[in-house]
Amino acid sequence: MKSLPYFCRGEVVRGFGRGSKELGIPTANFPDSVVDNLPADISTGIYYGWACVGNGDVYKMVMSIGWNPYYKNTKKSMETHVIHKFKEDFYGQILSVVMVGYIRPERTFDSLEALIVAINNDIEEAKLKLELPEHRKLKEDNFFISAASSSPVSTTTPSTPETIGNGH
Ligand code: ADP
Ligand code: MG
C-alpha cells in the first residue's frame, strides 16, 4: 500500500456501542472528517501502528477500518485500539496515529470467542512488527511531539520530510 505510513489525527467521538469495551478491547472512533480523508488505496482491514492521546505517551495500536453499520454500511469507520491500559476514557480528546502496516482483511467470525482470539492475535502481531527498527523510528516522529498544539484535523503530512510516503 503506497500510502503507508499514513499519519492522521482527530477528535475521539462516540462509536456505535458495539460493546468493544466489554470485550476488553475498547476502540476509539474517528469522526467522518478523518475517515473521508483516507487515500483510496487504504483498503478495509486491520492495520498496526503508533498512537497517542493528546500530548501523552506514544503507544502501539491496532486499527480496524470497516463499514459503518450506522450508515447502513455505506460509510467507512476507523477504530483504534491503543495497546495500553488507560485510567479513564478519552472522548473529545485528540488521537494522533500513524498507520504503519497491514495485518489482514476484514472477516466475520462464527463466535465471539473466535473474534476475541483473532483480535488478540492481531495485537501480538502488531507488538512484534512494531519492534522492527524501521517501524520503531516512527514512534519518535515529530508528528507526535507536536500533537497537542496541532489542529484537530486529519493530515497526510508528517512533520519530517523523510517519513512522507514509504519510499516507493
Ligand atoms: P464506542 O462505541 O463509543 O467507541 P468502545 O466500547 O469502543 O465505545 O470504547 C471506546 C472508548 O474507550 C474510546 O473512545 C476511549 O475513550 C476509551 N478507551 C479507554 N481505553 C482505550 C484504549 N486502550 N484504546 C482505545 N480506546 C480506549
Ligand atoms: Mg469503539
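**Notes on the predicted model: sheet, ligand shell and metal site**

1. Strand 1 and strand 6 run antiparallel to each other, with 6 bridges holding the pairing. One register point to check by eye is Gly10, which sits across from Leu95 of strand 6. Keep in mind throughout that this is a predicted model.

2. Here is the overall layout. The protein has 4 helices and 6 strands, and reading from the N terminus the elements go β-β-α-β-β-β-β-α-α-α. The 6 strands make an open, antiparallel sheet in the order 1-6-3-4-5-2. Strand 1 (6-11) and strand 2 are the edge strands, each pairing on one side only. As for burial, 43% of the 168 residues in the protein are buried.

3. Just ahead of the sheet there is a backbone detail worth a look. The peptide bond from Leu4 to Pro5 is cis, with omega near 0 degrees. Pro5 belongs to the segment before strand 1, so I'd say the cis bond is easy to find if you start from that strand and walk back.4. Next, strand 6. Of its 11 residues, 10 are buried, so strand 6 is largely enclosed by the rest of the structure. Besides strand 1, strand 6 (residues 94-104) also pairs with strand 3 (residues 45-53), antiparallel and over 8 bridges. Three facing pairs help to fix the register: Ile46 is opposite Arg104, Gly49 is opposite Met99, and Ala51 is opposite Val97.

5. Strand 3 is mostly covered too, with 9 of its 9 residues buried. On the strand 4 side (residues 58-67) there are again 8 bridges, and the pairing is antiparallel. Tyr47 has Met63 of strand 4 as its bridge partner. In the hairpin that joins strand 3 and strand 4, there are 4 residues between the strands, and Gly54 adopts a positive phi near 60 degrees. When you look along these strands, recall that in a regular strand the side chains alternate between the two faces of the sheet.

6. Now the ligand. Which residues come nearest to ligand 1? Out of the 19 around ligand 1, they are Gly15, Asn29, Val82, Phe90 and Tyr91. By character the shell splits into 8 nonpolar, 8 polar and 3 charged residues. Strand 2 (28-29) and strand 5 (76-82) each contribute at least two residues to the shell, and strand 5 gives the most, with 3 residues.

7. Several polar contacts to ligand 1 deserve a check on screen. Tyr91 uses an N or O atom of its side chain, 2.7 Å from an oxygen atom of ligand 1. Phe90 works through its backbone, with an N or O atom 2.8 Å from a ligand 1 oxygen. Lys21 also contributes a backbone N or O atom, at 3.0 Å from an oxygen atom of ligand 1. As for cover, ligand 1 taken alone exposes 560 Å², and the protein buries 93% of that.

8. What coordinates the magnesium ion (ligand 2)? The donors are Thr27 (O), Thr27 (OG1) and Asn29 (OD1), at 2.2 to 2.7 Å. Thr27 and Asn29 fall into separate burial classes. Thr27 counts as partly exposed because its relative accessibility is 23%, while Asn29 counts as buried because its value is 6%; the cut-off for buried is under 20%. Asn29 appears in both sites, as a magnesium donor and among the residues that come nearest to ligand 1. If you want to judge the geometry, ideal angles at a metal are 109.5 degrees for four tetrahedral donors, and 90 or 180 degrees for six octahedral ones.

9. Last, a look at Asn37. Asn37 lies in the loop that runs between helix 1 (32-35) and strand 3. With a relative accessible area of 43%, Asn37 is partly exposed. The side chain of Asn37 reaches back to the backbone oxygen of Ser33, at 3.3 Å. Asn37 and Cys8 are 29 residues apart along the chain, and their C-alpha atoms are separated by 9.0 Å.

Definitions and conventions. Residues numbered from 1 in each chain as written. Chains lettered and ligands numbered in written order. Predicted model: local features only at pLDDT ≥ 70, side-chain atom pairs only at ≥ 80, totals over all residues. Heavy atoms only, no water. Near = heavy atom within 4 Å. Polar contact = N/O pair within 3.5 Å; in protein donor to acceptor, adjacent residues only side chain to side chain. Areas by Shrake-Rupley, 256 points an atom, 1.4 Å probe, with all protein chains shown as cover. Nonpolar A, V, L, I, M, F, W, Y, C, P; charged D, E, K, R; others polar. Donors = N, O, S within 2.8 Å, 3.2 Å for Na, K, Ca; no water. Buried < 20%, exposed > 50% of the residue type's maximum accessible area, 1.4 Å probe, protein only. Pairing = 2+ DSSP bridges.
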